Amino acid sequence: MQKFNVNTDPIFKDQLISKFIKKLSKKGNTRAASKQFYQALTLLNTDKYSLEGKTPIEAFYQSVNFIKPVIYLKAVHSKGKLVKSPTPTPLNKQLNLAILIITDAVNKRSENCLHERIANELNDILSNSGISVKKKNEIYKLAIASRTFI
């Protein structure tokens, strides 16, 4: 089976940023989503956010790597029942789940502008708080709790 090739973004020549922008876009409007993402990166570069000497791209990569779930719940038939069993997550699925968790958390935030929501969520991930960190911890706790039933 052939893998789907993702185009790189035009500024940083990176596939992960392109995947994030595509997940962030609504109704296929990737141009507006990329503009908001790049505005969020410039907003992260201001003194309002504490990046501890990192560039905004490094902060983005660190936040995605922090949110990557190592274990996820997979539905498996066991003894005639459908049971969710914890399984190790492959690297490609880790990145996709991390992007999905972050974009869902960005959409749930209450700030008016999308670039502010992105910047604040990335900053919250770096400070170990926020909606996406709670979601990651919730997935991990559910996987650990369902481990005993297998």
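## Close-up views of a predicted model

**View 1. The β1–β2 hairpin.** Strands β1 and β2 form a hairpin, and two residues separate them. K79 sits in the turn and has a positive phi of about 55°. The model shown here and in every other view is predicted. β1 covers residues 71-78 and β2 covers residues 81-88. The two strands run antiparallel and are joined by eight bridges. In this pairing, H77 of the hairpin stands opposite L82 in β2.

**View 2. The whole chain.** Six helices and two strands make up the chain. Read from the N terminus, the order of elements is α-α-α-β-β-α-α-α. Along the principal axes, the C-alpha atoms fill a box of roughly 55 × 35 × 25 Å. The chain has 150 residues, and 39% of them count as buried. About 9700 Å² of the chain is exposed, with carbon and sulfur atoms supplying 54% of that area. Take the contacts between residues at least 6 apart in sequence: 55% of them join residues at least 24 apart.

**View 3. The largest nonpolar core.** This core holds 30 residues. Which of them touch the most other members? They are F20, F37, F60 and I118. The elements giving two or more residues to the core are α1 (15-24), α2 (30-44), α3 (56-67), α4 (91-108), α5 (114-126) and α6. The largest share comes from α2, with six residues. Beyond its neighbours up to four places away in sequence, F20 touches F37, F60, I99, I102, T103 and I118.

**View 4. Helix α1 and its N-terminal cap.** The buried residues of α1 are L16, I17, S18, F20, I21 and L24. They pack against α2, α3, α4 and α5. D14 caps the N-terminal end of the helix. One of the side-chain oxygens of D14 lies 3.2 Å from the backbone nitrogen of L16.

**View 5. S132 in helix α6.** Helix α6 spans residues 131-145 and includes S132. Is S132 buried or exposed? Its relative accessibility is 0%, so S132 counts as buried. The side chain of S132 makes a polar contact of 2.6 Å with the side chain of E121. Leaving out residues up to four places away in sequence, S132 touches I67, I101, I102, A105, E121 and I125.

**View 6. R109 and its salt-bridge partners.** A network of salt bridges links R109, E111, E121 and D124. Between R109 and E121, the closest N and O atoms are 2.8 Å apart. E121 belongs to helix α5 and R109 to the loop between α4 and α5, so this pair ties together parts 12 residues apart in sequence. E121 is buried, because its relative accessible area is 0%. R109 also counts as buried, at 17% relative accessibility. R109 forms a salt bridge with D124 as well, the closest N and O atoms being 2.9 Å apart. This second pair links distant parts of the chain, since R109 is in the loop between α4 and α5 while D124 is in helix α5, 15 residues away. E121 connects this view with the previous one through its side-chain contact with S132.

**View 7. The E52–K54 salt bridge.** The structure holds four salt bridges. One of them is formed by the side chains of E52 and K54, at 3.6 Å from N to O. Is E52 buried or exposed? Its relative accessible area is 68%, so E52 is exposed. E121 in the R109 network, by contrast, is buried.

**View 8. P69 between α3 and β1.** P69 is in the loop that runs between α3 and β1. At 5% relative accessibility, P69 counts as buried. Which residues does P69 contact, leaving aside neighbours within four places in sequence? They are T89, Q94, L97 and A98. N96 is 27 residues from P69 in sequence. In space, the C-alpha atoms of P69 and N96 are 9.9 Å apart.

Terms used
Residues are numbered from 1 along each chain as its sequence is written. This is a predicted model: local features need pLDDT of at least 70, side-chain atom pairs count only at pLDDT 80 or more; totals for chains, interfaces and linings use all residues. Side-chain values use heavy atoms; hydrogens and water are left out. Helices (H or I, at least four residues) and strands (E, at least two) are DSSP runs, numbered from the N terminus. Buried means under 20% relative accessible area, exposed over 50%, partly exposed in between (1.4 Å probe, protein chains only). A polar contact is a pair of N or O atoms within 3.5 Å; within protein, one must be able to donate a hydrogen and the other to accept it, and residues adjacent in sequence count only if both atoms are side-chain atoms. Contact means heavy atoms within 4.5 Å. A nonpolar core is a set of buried Ala, Val, Leu, Ile, Met, Phe, Trp, Tyr and Cys residues joined through side-chain atoms within 4.5 Å. Two strands pair if DSSP finds at least two bridges between them. Accessible areas come from the Shrake-Rupley method with a 1.4 Å probe; for residues, only the protein chains shown count as cover.
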